[in-house]
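Me: I have a structure open on my screen and would like a close look at one part of it. Could you walk me through the nonpolar core, and then place it in the rest of the protein?

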Amino acid sequence: MRPCAWAVLGLGMWVLTGGAGVAVGQNPPPTVEAQQSRFSPVTTIPFKLSGELFLKGHRPVVSLRIYNVLAQLVAIPVLRGSGKALDSLALSCPTQFGCAYSAYWDGFVANTGKPAASGVYIYQLVVDGQRVTKKIVLKQPQP
């Protein structure tokens, strides 16, 4: 069953090594930029949304999820400054030039209260159905 979960997770995802992803089918194409992160147990994941996403009062729906290498959901980070989980959250931006946001993860596995193990994790940022996927490395401090 796990190989199927990996295959389902992989459909429609973009794996980027850096830079910005471009949404398909939108004119002009908005950009979503997710920066690679290397972090200790508590981290922030910065991302930017282009101004085109907010034209005519549109509020893009954003989700951010962190998975382990077995494609199991580990956590849903919180939008910094709002305290709300980034799970289908409609964002707004006061400027036509786009906005920068930051997601916060405390380093704990959701619903367990246990710290996540050191290792490689995958985060997936979804903006209005467009997916950007990046890897992050978690390193727990040595006792």
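Reply: Happy to help; what follows begins with the overall layout, moves into the core and ends with the disulfide and a patch on the surface.

Please keep in mind that this is a predicted model. The protein contains 1 helix and 11 strands, and along the sequence the order is α-β-β-β-β-β-β-β-β-β-β-β. So that you have a feel for burial, a residue is called buried when its relative accessible area is under 20%. By that cut-off, 40% of the 143 residues are buried. Among the contacts with a separation of 6 or more, 58% are between residues 24 or more positions apart.

Now to the part you asked about. The largest nonpolar core has 26 residues. Which of them touch the most other members? They are Phe47, Leu49, Val62, Ile66, Leu86, Leu91 and Tyr101. Two or more core residues come from each of β4 (43-49), β5, β6, β9 (99-105), β10 (119-127) and β11 (130-138). As general background, nonpolar side chains in soluble globular proteins tend to be buried together.

Leucine 86 is a good residue to click on. Leaving aside residues up to four places away in sequence, leucine 86 touches Phe47, Val62, Ser63, Leu64, Ile76, Pro77, Val78, Leu79 and Ala103. Two of these partners, Phe47 and Val62, are themselves listed with leucine 86 among the core members that touch the most others.

Next, the cysteines. A search of the whole structure turns up 1 disulfide, and this bond links cysteine 93 to cysteine 99 with an S to S distance of 2.0 Å. The torsion about that S-S bond is about 85°, so the disulfide is right-handed. Are its two ends buried or exposed? Cysteine 93 has a relative accessible area of 15% and is therefore buried; cysteine 99, at 14%, is buried as well.

Finally, turn to the outside. The protein exposes about 8200 Å², with carbon and sulfur atoms supplying 58% of that area. One nonpolar surface patch, of about 230 Å², is made by Val69, Leu70 and Val120. Leucine 70 sits in the loop between β5 (61-67) and β6 (73-75), two strands that each give two or more residues to the core. At 40% relative accessibility, leucine 70 counts as partly exposed.

Note on methods
Residues are numbered from 1 along each chain as its sequence is written. This is a predicted model: local features need pLDDT of at least 70, side-chain atom pairs count only at pLDDT 80 or more; totals for chains, interfaces and linings use all residues. Side-chain values use heavy atoms; hydrogens and water are left out. A disulfide is a pair of cysteine sulfur atoms within 2.5 Å. Buried means under 20% relative accessible area, exposed over 50%, partly exposed in between (1.4 Å probe, protein chains only). Patches are made of residues with over 30% relative accessible area and no salt bridge: like charges are joined within 9 Å, nonpolar side chains (Val, Leu, Ile, Met, Phe, Trp, Tyr) within 5 Å. Accessible areas come from the Shrake-Rupley method with a 1.4 Å probe; for residues, only the protein chains shown count as cover. A salt bridge is a side-chain nitrogen of Lys or Arg within 4 Å of a carboxyl oxygen of Asp or Glu. Helices (H or I, at least four residues) and strands (E, at least two) are DSSP runs, numbered from the N terminus. A nonpolar core is a set of buried Ala, Val, Leu, Ile, Met, Phe, Trp, Tyr and Cys residues joined through side-chain atoms within 4.5 Å. Contact means heavy atoms within 4.5 Å.
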